[in-house]
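The following exercises are to be worked with the sequence and the structure at hand. Each task is followed by a solution in steps.

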Amino acid sequence: MEVHNQQLEKILEKANKESSQSEVFHISRWSQPVVFEANRLKSVESIESSGIALRIIKDGRIGFSSTTHWDGQESLVENALETAPFGPLATMEFPSHSNFIDVPGYDPSVESQPLADLMQLGQSLIDEVRALEPNLLCDASISRNVSTITILNSQGGSASYTKSIFSAYIGGTLIEGTDMLFVGEGSSSCQPIYDSSSLVTDLLTQLERGRYIASPASGNIPVVFTPRGVSGTLLSPLMAGFSGKSVLQGSSPLVGKLGVAVLDERFSLWDDPTLPMIPGSRICDDECIPTQKMPLIDQGVISNFLYDLQTAGQAGTQSTGNSHRGLNSLPSPGVSVTVIPNGDTSFDDMIADMKDGIVVERLLGAGQSNILGGDFNANVLLGYRVQNGKFAGRLKNTVINGNVYRVLKGFRAVGDDSIWVGGSLKTPSIYCADVSVATKE
């Protein structure tokens, strides 16, 4: 690590001679996926990668270059200088030294855990599920990765942190004639997952609820989005409007709505990358700005937008610490860890309240819709019909569509059943009063 830092400092020093400001971003990653297919172990890999990105500001414009090879450092500065005359006008300055709060996100046992344990975990997941449903064709994956991110800039800003992520997934397909039922469940943490019983329980619940095919559902009817359904259906079109970039471009439906009650007062949402041992958390964003817990929606009121340095400069405000970047691209603003607080209604009470409605668990693709405008339109991969307060079987050939702002303005209840979906979203179920549902012929 020390050797790498010295090399990064040399790149920065060379860039400083040719530009007014500069920044180096380095990421190294080790990952080990263990993949099971058709009930058996398919592959085990160990993958290492690293790369460096350089940004400069020269004559008021941003130059950028990157490489995945340490021996390509010499051309980094030259390439960044060549792109600068054609780059965007800089409306930012790189940050100086900051004090970061401690955000634990690394567990050394993720690396040290024997590989045999990962293989055993994956196989035991499959065996446990198939012991109760022998006809289920199972896929599974157990993976772990460790990443270290280092950022240095010419203004004295610097940060480095290491993160570990352990993920487990079990999925299955039940084939009966021409009918196929797809089920799946996963979990992700900064620590090893030793107890996978909840994955098995949830998968078997999906099997039980979806074993029989229900009669088609159609019309504007009540819909319960499970936490996974919230993630797949509502989150993307909702969060698209909070990007400072889309606000500046005027494409966000939330332009001019800061401080305005847009959604139901029972609905709140915040970005909190300071939560310990959560995969999406971090001490700073990808531009060395300290992270913070920040409300985006407070009791239905639009409270903040997401900015990185460049968009904040364009908007005449401060970065919110929400910069995200890939190695080969300039940073852009985005949410880090989304938290939707619990309500006071149980999932069972939501189902009992339904005379005729559906439950959405997973979607098949995102569909064709105006996501920036808050629209969603997609096929239901896994969902259930509810009649007279009871599950009545699985939906087939069903499409849902609507607008996230409309359904979250007049919903019936927020659940008390929050869970982590992936490593960056914690949400309960949401019971919506009126969503368009149709059956494809």
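**Exercise 1: The end of a strand and the loop after it**

Thr-226 is found in the loop between β8 and α6 (227-240). This is a predicted model, in which local features need pLDDT of at least 70, side-chain atom pairs count only at pLDDT 80 or more, and totals for chains, interfaces and linings use all residues. Residues are numbered from 1 along each chain as its sequence is written, and side-chain values use heavy atoms, with hydrogens and water left out.

Task: Determine whether Thr-226 is buried or exposed, and which residues Thr-226 touches beyond four places in sequence. Treat Phe-225 likewise.

Solution.

Step 1. Fix the vocabulary. Helices (H or I, at least four residues) and strands (E, at least two) are DSSP runs, numbered from the N terminus. Buried means under 20% relative accessible area, exposed over 50%, and partly exposed in between (1.4 Å probe, protein chains only). Contact means heavy atoms within 4.5 Å.

Step 2. Thr-226 has a relative accessible area of 3%, so this residue is buried. Residues up to four places away aside, Thr-226 touches Phe-347, Val-359, Val-360, Glu-361 and Ser-429.

Step 3. Phe-225 belongs to strand β8 (residues 219-225). Its relative accessible area is 0%, and it is therefore buried. With residues up to four places away again not counted, the contacts of Phe-225 include Val-230, Leu-234, Ile-400 and Cys-432. Val-360 and Ser-429 appear among the residues touched by Phe-225 and among those touched by Thr-226.

Step 4. Compare sequence with space. Thr-226 and Glu-208 are 18 residues apart in sequence and 16 Å apart from C-alpha to C-alpha. For Phe-225 and Ser-243, also 18 residues apart along the chain, the C-alpha atoms are separated by 24 Å.

**Exercise 2: The faces of a helix**

Task: State which residues of helix α2 (residues 73-83) are buried, and where the exposed residues Glu-74 and Glu-82 lie.

Solution.

Step 1. The buried residues in α2 are Gln-73, Leu-76, Val-77 and Ala-80.

Step 2. Viewed down the axis of α2, these buried residues fall within an arc of 85° (the arc of the directions from the helix axis to the C-beta atoms), so they line one face of the helix.

Step 3. A general rule applies here: an α-helix has 3.6 residues a turn, so residues three or four places apart point the same way.

Step 4. Glu-74 and Glu-82 are exposed and sit on the face of α2 turned away from its buried side.

Step 5. One buried residue of α2, Val-77, is touched by Glu-18, as are Lys-58 and Leu-81. Glu-18 lies in helix α1 (residues 2-18) and is partly exposed, at a relative accessible area of 39%.

**Exercise 3: Loop residues**

Task: Describe the surroundings of Pro-88, and say which loops hold Asn-39 and Cys-288.

Solution.

Step 1. Pro-88 is located in the loop between α2 and α3 (109-112). Its relative accessibility of 39% makes Pro-88 partly exposed.

Step 2. Apart from neighbours within four places in sequence, Pro-88 is in contact with Gly-60, Arg-61, Ile-62, Gln-310 and Leu-330.

Step 3. The C-alpha atoms of Pro-88 and Cys-288 are separated by 20 Å, with their positions 200 residues apart along the chain.

Step 4. Cys-288 occupies the loop between β9 (269-271) and β10 (294-298) and, at 1% relative accessibility, counts as buried. Although Cys-288 is not a glycine, its phi is positive, at about 75°.

Step 5. Asn-39, in the loop between β1 (21-37) and β2 (40-44), likewise has a positive phi of about 75° without being a glycine. Asn-39 is buried, with a relative accessible area of 15%.

**Exercise 4: The chain as a whole**

Task: What do the secondary structure and the radius of gyration of the protein chain come to?

Solution.

Step 1. The protein chain has 10 helices and 22 strands.

Step 2. Its radius of gyration, taken over C-alpha atoms, is 24 Å, close to the 22 Å from the globule rule (2.2 Å times the number of residues to the power 0.38) for 441 residues, so the chain is as compact as a globular protein of that length.

Step 3. Buried residues make up 51% of the 441 residues. Of the contacts with a separation of 6 or more, 71% join residues 24 or more positions apart.
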